[in-house]
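These are my notebook entries on a structure that I looked through one topic at a time. I begin with a helix and what packs against it, and then turn to charged side chains.

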Amino acid sequence: MNNLVPHFIIDRHARKESSGRFAAAAVFVDVSGFSALTDQLMARGQHGAEVLAGVMGSIFEPLIDAVYGQRGFVTGFAGDAFTAVFPHADGANASPVFRALAAAVAIQREMQARPEQETAYGNFAVSAKVGVAGGDVIWGIVAAEDGQRATYYFQGTAIDGCAAAEGAAAPGDVVLDAVAFEAVRTVVTAEAVDGHYRLTAVAAPLPAPEPDRRPEMKAERLLPFVPQAVVRAGRTGEFRQVVNVFISLPTVRTEAQLDIFMRTVFKLQERYGGLLKQLDYGDKGAKLLLFWGAPVAHENDVQRALHFILDLQIQTAIPINGGITYQVAHAGTIGSSLRGEYTCYGKGVNLAARFMTGAPRGEIWIDEQVANRAGRHFEVEFEGEKQFKGFAEPQKVYVLFERTDVADAFFDGRLVGREAELARLTRFVAPIYEGRSPGMFVIWGDPGAGKSRLAHEFLTHHLQQGTATQVFLAQADEILRQSLNPFRYWLRRHFGQSEGLAESRNKRSFNRKLDQL
């Protein structure tokens, strides 16, 4: 299944169009029951992940079929929910609102026909709330300067309206906003609820579904919206540790601001990685969701994510509210053969969103797991325990402030079994003390073989005694990968410079070292 990006976006991108607007109806569908299912299956390992992927597919397949059968398309997924729009379509047998209503009714009929999902680990209740609205849909494509990365967004009164209508719904309901109700009021009965209209009956036939004739997307057309690793991941799900990063940009209100900001995001992704899952953009600002650890994982994913968001703060000068968590999530493709997205689903994603919403402007909140892995290389402070919607117990909150320039920890204990190597190193450096250059000595080996330990032992204990020997450590960094980074590393530490210190303190440290030289 390669329909990981709407055909609408792929076609506009091919025509080099970057934004537009159209009248439409929209539907927001929120499926309940996945949280309990995920919690139960998480303890079952990979088989539990496969079971969860199967359940998600069996639920979403008919729901998305209902959307595409009415000439709509899914704009995006948010956990166990999705948004679909229904534009005016040539040859369609009804207006957009009628087709959206037909899809909504079919979705609830499908959910009510299967109120429980049977699994090898028990039965689980599922339900849905559906909101329908009419109005405008605004779309945009934002791309990197080199065109190698891009993302897209949908917003507008129809998108906002269907989300608000769903918020007024109870499980099993179809709720319409005022615009949608006015368009179909001659064929439905409804009761008023919170400024919306809960559907109670349909008095006339709704549009019949039509077969969707859009072809499956060729993988090469998905780039640059979807990385190759996502395309290769397929539909199989798995449980894995994921860093979830939610970012809120309340002051980004124009397309020009968004374009400048996203170009910085794309550049930082080149350095730190991360999967950009979602861009929400509207009149209340913009929000981003990124993942580290899926579909590709690194040992330092937490550090990568923290470097990313701190550099984003520095390079954009835009107030950023952020939430970062590091927890087990289900990673895989959600949706159906007609339309899906690679995403991560779990409590960590929800908690990161709550952190982002609760953080004051300019602050980044992180959970305890992230704080523990930040180590001494990042300055964090315990904020306290706070209650968040959707979580029964208070959650520990930490604030991320800045990087801290600290030397790596020294090795403890006595080195054994490397006497020959130490002797060879001693012989190699001997010409230095006679005023001659010995050349270059390289140590290489598999990860964990003890290269750094050997070098540390020699430099601290086996250099020729009684001589004025200085050692300069030029450390490479697999995350930053800046030009001349080993020398930047050495010079910063030699002159006592730190991004976390005030400029006046950095100047004093520099002048003191210069005077010594």
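Entry one, a helix and its neighbours. I looked up what the buried residues of α1 pack against, and found β1 (19-32), β2 (73-78), β6 (127-143), β7 (150-155) and α7 (219-222), where contact means heavy atoms within 4.5 Å. Helices (H or I, at least four residues) and strands (E, at least two) are DSSP runs, numbered from the N terminus. I noted that this is a predicted model, in which local features need pLDDT of at least 70 and side-chain atom pairs count only at pLDDT 80 or more, while totals for chains, interfaces and linings use all residues. Residues are numbered from 1 along each chain as its sequence is written, and side-chain values use heavy atoms, with hydrogens and water left out.

In α1 itself, which covers residues 7-14, I found H7, F8, I9 and I10 to be buried; buried means under 20% relative accessible area, exposed over 50%, and partly exposed in between (1.4 Å probe, protein chains only). Just after α1 comes K16, which takes a positive phi of about 65 degrees.

Entry two, another helix. In α15 (residues 485-494) I listed N485, Y489 and H494 as buried. G496 follows α15, and its phi is positive, near 65 degrees.

Entry three, salt bridges. I used the rule that a side-chain nitrogen of Lys or Arg lies within 4 Å of a carboxyl oxygen of Asp or Glu, and by this rule the count comes to 23 salt bridges.

One of them joins the side chains of K347 and D39, at 3.4 Å from N to O. K347 belongs to helix α11 (residues 347-358) and D39 to helix α2 (residues 34-42), so this pair ties together parts that are 308 residues apart in sequence. Are these two residues buried or exposed? I found K347 partly exposed, with a relative accessible area of 41%, and D39 also counts as partly exposed, at 37%.

Next I looked up E341 and K277, whose closest N and O atoms are 3.0 Å apart in their salt bridge. E341 lies in strand β15 (residues 340-345) and K277 in strand β12 (residues 275-282), so parts that are 64 residues apart in sequence are tied together by this pair. Both E341 and K277 are buried.

For R436 and E434, I noted a salt bridge of 2.6 Å, N to O, between the side chains. R436 counts as partly exposed at 48% relative accessibility, whereas E434 counts as exposed at 56%.

Last, I wrote down a network of salt bridges that links R271, D311, E402 and R403.
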